[in-house]
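Hello,

I am handing over the structure we spoke about, and my notes follow below it. Please have a look at it first and then read on.

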Amino acid sequence: MTRGKWLPLLLTGLGAVAAAPLAAGDTTGDTTDSGAGLRIELNAAEQRDDACLLTFVVENRQDGDIDRAVYETVLFDTEGRVDRLTLFNFADLPAGRVRVRQFAVPELSCASLGRVLINGVSSCEAGDTGADACDGALELDSRTAIEVLG
């Protein structure tokens with residue numbers, strides 16, 4: 001990656017939510033693990049023209065709602081190099097519910113994406129649940145060949 005490409009992406013990622021949710025589906029049902037905390041699973045990665053559409057399934061297993069959860073996210077290519085740093089806004093995550101969030105990452109080939117790192121919480125609004133609600137017991141998983149870690 002060239003320096004000219006890195007700097008604008010870094011500033012965009014830190015300045016605003018560069019990859020905002022495209023769709024906020026709602027599903028309910030059982031999950032494989034019923035432990036407390038927040039579970040984020042990369043469920044699919046699909047190429048859409050010049051963008052990689054990442055689909056996440058998120059479950060808030062805590063007693064309280066999360067009104068807004070924004071994560072600083074680092075995307076690595078298949079050779080382990082940082083492709084970009086951005087923010088993913090998972091929006092509201094009601095207690096005991098499953099939500100689906102999609103992010104279209106422009107100018108990214110899904111085939112070149114090797115890892116997604118949840119680098120930390122950029123913003124967490126969780127009322128009485130507390131600021132720890134977004135990362136206190138974060139469980140990450142992937143149903144794709146793309147590794148998700150945090």
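Before the first pair of residues, one term: two strands count as paired if DSSP finds at least two bridges between them. With that in mind, V116 stands opposite V148, which belongs to strand 9. Please keep in mind throughout that this is a predicted model.

**How far to trust it**

The mean pLDDT of the chain is 82, and 77% of the residues reach 70 or more. The stretch to be careful with is residues 1-33, where the pLDDT is below 50. In the model this stretch still has 63 contacts beyond near neighbours in sequence. Where pLDDT is low, predicted coordinates should not be read in detail.

**The chain as a whole**

What is the chain built from? Its secondary structure comes to 1 helix and 9 strands. Starting at the N terminus, the elements run α-β-β-β-β-β-β-β-β-β, with the helix ahead of the strands.

Of the 150 residues in the chain, 41% are buried. The chain exposes about 7600 Å², and carbon and sulfur atoms supply 47% of that area. Among contacts with a separation of 6 or more, 74% are between residues 24 or more positions apart.

**The open sheet**

Now to the sheet that holds the valine pair. In which order do its strands lie? It is an open sheet of 4 strands in the order 5-4-7-9, and the pairing is mixed. Strand 5 (82-89) and strand 9 (147-149) stand at the edges with a single partner strand each, so one side of each has no neighbour in the sheet. On average, neighbouring strands here are turned by 25 degrees against each other, direction ignored.

As general background, strands of a sheet pair through backbone hydrogen bonds, either parallel or antiparallel. Both kinds turn up around strand 7, which covers residues 113-125:

- Strand 7 and strand 9 pair in the parallel sense over 3 bridges. Besides the valine pair, R115 has E147 in strand 9 as its bridge partner.
- Strand 4 (residues 68-77) pairs with strand 7 in the antiparallel sense, over 10 bridges. Here, E72 has G120 in strand 7 as its bridge partner.

**The disulfides**

How many disulfides does a search of the whole structure find? The search gives 2. If the term is new to you, a disulfide is a covalent bond between the sulfur atoms of two cysteines.

One of them is formed by C52 and C110, with sulfur atoms 2.0 Å apart. The torsion about their S-S bond is about 110 degrees, so this disulfide is right-handed. The pair links distant parts of the chain: C52 lies in strand 3 (residues 51-60), while C110 is in the loop between strand 6 (97-106) and strand 7, 58 residues apart. Are these two cysteines buried or exposed? C52 is buried, with a relative accessible area of 0%, and C110 is buried too, at 12%.

The other joins C124 to C134, with an S to S distance of 2.1 Å. With 80 degrees about the S-S bond, the link of C124 and C134 is right-handed. C124 sits in strand 7, and C134 is in the loop between strand 7 and strand 8 (138-142), 10 residues apart. Both C124 and C134 are buried.

Counting bonded cysteines along the chain, the disulfides follow the pattern 1-2, 3-4.

**Two residues with positive phi**

Finally, two loop residues to look at in the viewer. A91 has a positive phi of about 60 degrees although it is not a glycine. A91 is found in the loop between strand 5 and strand 6, and it is partly exposed, with a relative accessible area of 24%.

E107 is also not a glycine, and its phi is positive, near 55 degrees. Where does E107 lie? Its place is in the loop between strand 6 and strand 7, the loop that also holds C110. E107 is exposed, with a relative accessible area of 62%.

If you would like a place to start, pick out strand 7: this strand pairs with strand 4 and with strand 9, and it carries C124.

Enjoy exploring, and best wishes

Definitions and conventions: Residues numbered from 1 in each chain as written. Predicted model: local features only at pLDDT ≥ 70, side-chain atom pairs only at ≥ 80, totals over all residues. Heavy atoms only, no water. Axes fitted to C-alpha atoms, helices over the stretch in contact; angles between N-to-C directions. pLDDT = per-residue confidence, 0-100. Contact = heavy atoms within 4.5 Å. Disulfide = S-S within 2.5 Å. Buried < 20%, exposed > 50% of the residue type's maximum accessible area, 1.4 Å probe, protein only. Areas by Shrake-Rupley, 256 points an atom, 1.4 Å probe, with all protein chains shown as cover.
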